[in-house]
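Colleague: I am new to reading protein models, and I would like to learn how to look at one step by step. Could we go through a case together?

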Amino acid sequence: MPLAAGRGELSTTLIDALVHQPGAVTLPAGRSLTEADPYGDDLQLALFLCYELHYQGFSGVDDAWEWDPDLLRVRQALERRFLDALRSEATAHHDPEDALAGLLVEPADGTGVSHHLRDDGELWQMREYIAHRSLYQLKEADPHVWVIPRLRGRAKAAMAAVEYDEFGAGRGERVHAELFADLMVDLALDPTYNHYLDATSARMLAVVNMMSLLGLRRSLRGALVGHFATVEITSSPASDRLAQALRRMGAGEAAVFFYTEHVEADAVHEQVVRHEVVGDLLKREPALAADVAFGIDATVFLEDRFAEEVLGAWRDGRSSLRVPL
């Protein structure tokens, strides 16, 4: 995957550094790190680039950058800005049950992106939504695997069982990331990994970056579990709406199948994650309750911001992408 285009001083300096050998160039420092907008394009792209070194990497970028201590210090400063902002602005609950309560009942008058696409959306809007989501879906479940070594007993076994399903239950063609690539082809989108990175907004980058931030830090294992529970609880009804939308738009079988697959699978996963992963984790480590609640709240907060941006653009007749399809 080639590097993205910079979106400001911070990300441009980082990109310029990554094409050289570690230690040979100056990395971002000073005010560009400490005063960057925690939700802005510049910081979120820089953080995404740091995290991507732990996934598939970039063409022309030395693998040694992944564990370069100077780059890790830069990433830590970016994470601190982002995490501090989330703790300040997203935290709404300290009890996981209270945080989950609002997610367990589907509102009769929902106004989210999947509701719009089901009821009134057009094909060009669906294609934009899929392009946004591709930054995560083409590595679906990868950020969550990191939490498995940090769990024990029933919670570990249950989390591994859910991930086994996400990775195709032993069948390569059923890996969910591969099914999403098939969906993209069906909608005449490019399924190349991170192809739409330059087009995707900072708000979607923040959604994906939070997963990596929580997954890579053992100290945030509770928040990662809370995040994952939120994803599984909200996935099944949203997937059903998106499957209905795709059928109404005349999409092909592969596009519809990705979401119908998630309707049933995630309804089961929701129960497993809530009762066996979250439940057993808090039984063993009750002090993590506030972290689990934070993971739930932060996920809802960032998803709501993304939905607000996308729906606002569509209401104005504009593309929600930085680079329209």
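Modeller: What follows is a walk through the core, a few helices and some single residues of this model, which is a predicted one.

Colleague: Where should I begin, and which residues have the most contacts inside the largest nonpolar core?

Modeller: A nonpolar core is a set of buried nonpolar residues joined through their side-chain atoms. In this structure the largest such core has 107 residues, and those with the most contacts inside it are F82, I130 and Y259. The largest share of this core, twelve residues, comes from helix α14, which covers residues 289–315.

Colleague: If I pick I130, which residues does it touch, leaving aside those up to four places away in sequence?

Modeller: With that exclusion, I130 touches F180, L183, M184, L187, L189 and Y259. Three of these partners, F180, L183 and M184, can be found again among the buried residues of helix α10, residues 176–186, where H176, A177, L179 and A181 are buried as well. Following α10 comes A188, whose phi is positive, near 60°.

Colleague: Is F258 buried or exposed, and how would I decide?

Modeller: A residue counts as buried when its relative accessible area is under 20%. F258 has a relative accessibility of 1%, and therefore it counts as buried. Its place is in helix α13, residues 253–284, and, not counting residues up to four places away in sequence, F258 touches Q137, E140, H176, L179, F180 and L183.

Colleague: How far is F258 from T200, in sequence and in space?

Modeller: The two are 58 residues apart in sequence, and their C-alpha atoms are 21 Å apart in space.

Colleague: Which residues does N209 touch, again without those up to four places away in sequence?

Modeller: N209 lies in helix α11, residues 202–216, and its relative accessible area of 1% makes it buried. With the sequence neighbours left out in that way, N209 touches Q44, L47, F48, Y51 and F82, and F82 is one of the residues with the most contacts inside the largest core.

Colleague: Finally, what should I look for along helix α9, and which of its residues are buried?

Modeller: Helix α9, residues 153–166, has 14 residues and reaches 20 Å from its first C-alpha to its last, close to the 20 Å expected at 1.5 Å a residue. Within α9, the residues A155, A158, M159, V162, E163 and E166 are buried. Because they cover an arc of only 135° around the axis, they are on the same side of α9. After α9 comes G168, whose phi is positive, near 90°.

Technical notes: Residues are numbered from 1 along each chain as its sequence is written. This is a predicted model: local features need pLDDT of at least 70, side-chain atom pairs count only at pLDDT 80 or more; totals for chains, interfaces and linings use all residues. Side-chain values use heavy atoms; hydrogens and water are left out. A nonpolar core is a set of buried Ala, Val, Leu, Ile, Met, Phe, Trp, Tyr and Cys residues joined through side-chain atoms within 4.5 Å. Buried means under 20% relative accessible area, exposed over 50%, partly exposed in between (1.4 Å probe, protein chains only). Helices (H or I, at least four residues) and strands (E, at least two) are DSSP runs, numbered from the N terminus. Contact means heavy atoms within 4.5 Å. The expected span of a helix is 1.5 Å times one less than its number of residues. The arc is that of the directions from the helix axis to the C-beta atoms.
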